[in-house]
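Please work through the exercises below with the sequence and the model at hand. Each task is followed by a solution in steps.

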Amino acid sequence: IHKWYHSGLNRWHGLGSTADFQKIIQERCDNYPQQIWSYSRSRNCQEIKQAFMSAFISKDPCKATKEDYRRLIDLADPTVPCNKIVLWSKTKELAREYAKPRGLVTLEDTLLGSLADDLHWCGEPGSPDLNTWSCPDWKKDCRTNYLTVFWEVLSKRFAESACGTVQVVLDGSLENAFNEMSIFGRVEAPNLKPMVTLQAWLVHDPGKPPRDSCSGSSITKLKSILSERNVRFICRDNLRKFLKKRKPTLNGKYGVSP
Ligand code: AVW
């Protein structure tokens, strides 16, 4: 029986920390493009990396709090100009495909979002290392794990900071395109400022029958959450059709919005 078995490093049900986590964070930070929404007071990658690590290293991986990430968020608070934010739920790739050629911004385009995109991380009490064997799973282990709390804190700041029209890409091939338990449902929609307009795009998988639509009950629920907050709401079915209509330019990239 190996040492890791005794130490219980494989007791969680989620994927373990990404190999070379620190190196990846450092590289992504160093290579992050300097654009308008990337500005944070001090873009000191060394400092950012240290703040990220000390948020969770040596700590109980099921006892993450917002406060653990405060220093990190303060170092690189996302600031995005009005009308440029695109949110998503179950549609990350498509949302990014929609956002990129239009100069719109998803959370993964902001500095902290890009650092953490698709990575996994957790520590172990009394150890200076990341647990690369396993990390807590949201359902099977605990909701207050470091991954979940990170995306909650960052998503909240992102949604709160939004102004003008915010867009969200939702999956209309699901029974409930709007899910109250998702980060978009429980964190982002309820934290939009009054007077913001939310424009939802429903996407339908070409191979599957549409199961939810702008007139479906999950969208009705979203509408009611928003109207309580004085957030205006627009919903459009079938983003894919809209994407298809666009003609590629000579270099194969999309042109400016029609
Ligand atoms: P989901 P949610 N990289 O598809 O509405 C890795 O049901 O819950 O969508 N994991 C991530 C990332 C990322 N870039 N972003 C979120 N997660 C986690 C952030 C998180 O635990 C964006 F602004 C989430 O529950 C979207 O508007 C799950 O993976 C919104 O939150 C994806 O679940 C999407 O969250």
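The exercises concern the ligand site and the salt bridges.

This is a predicted model, in which local features need pLDDT of at least 70 and side-chain atom pairs count only at pLDDT 80 or more, while totals for chains, interfaces and linings use all residues. Residues are numbered from 1 along each chain as its sequence is written, and side-chain values use heavy atoms, with hydrogens and water left out.

**Exercise 1.** Determine which residues surround the ligand and which are the closest.

*Solution.* Step 1: count the shell, taking residues with a heavy atom within 4 Å of the ligand; there are 15 residues. Step 2: S89, K90, D117, I183 and E188 are the closest. Step 3: sort the shell by class, which gives 6 nonpolar, 3 polar (Gly counts here) and 6 charged (Asp, Glu, Lys and Arg) residues.

**Exercise 2.** Find the distances from side-chain N or O atoms of S89, K90 and E188 to oxygen atoms of the ligand.

*Solution.* Step 1: apply the limit for a polar contact, a pair of N or O atoms within 3.5 Å. Step 2: the distance is 2.7 Å for S89, 2.4 Å for K90 and 2.6 Å for E188.

**Exercise 3.** Identify what the salt bridge between D118 and K92 ties together.

*Solution.* Step 1: a salt bridge requires a side-chain nitrogen of Lys or Arg within 4 Å of a carboxyl oxygen of Asp or Glu; the structure holds 15. Step 2: D118 and K92 meet at 2.8 Å, N to O. Step 3: D118 lies in the loop between α6 (111–116) and β3 (134–135) and K92 in helix α5 (92–99), so the pair links parts 26 residues apart in sequence; helices (H or I, at least four residues) and strands (E, at least two) are DSSP runs, numbered from the N terminus.

Notes
A polar contact is a pair of N or O atoms within 3.5 Å; within protein, one must be able to donate a hydrogen and the other to accept it, and residues adjacent in sequence count only if both atoms are side-chain atoms.
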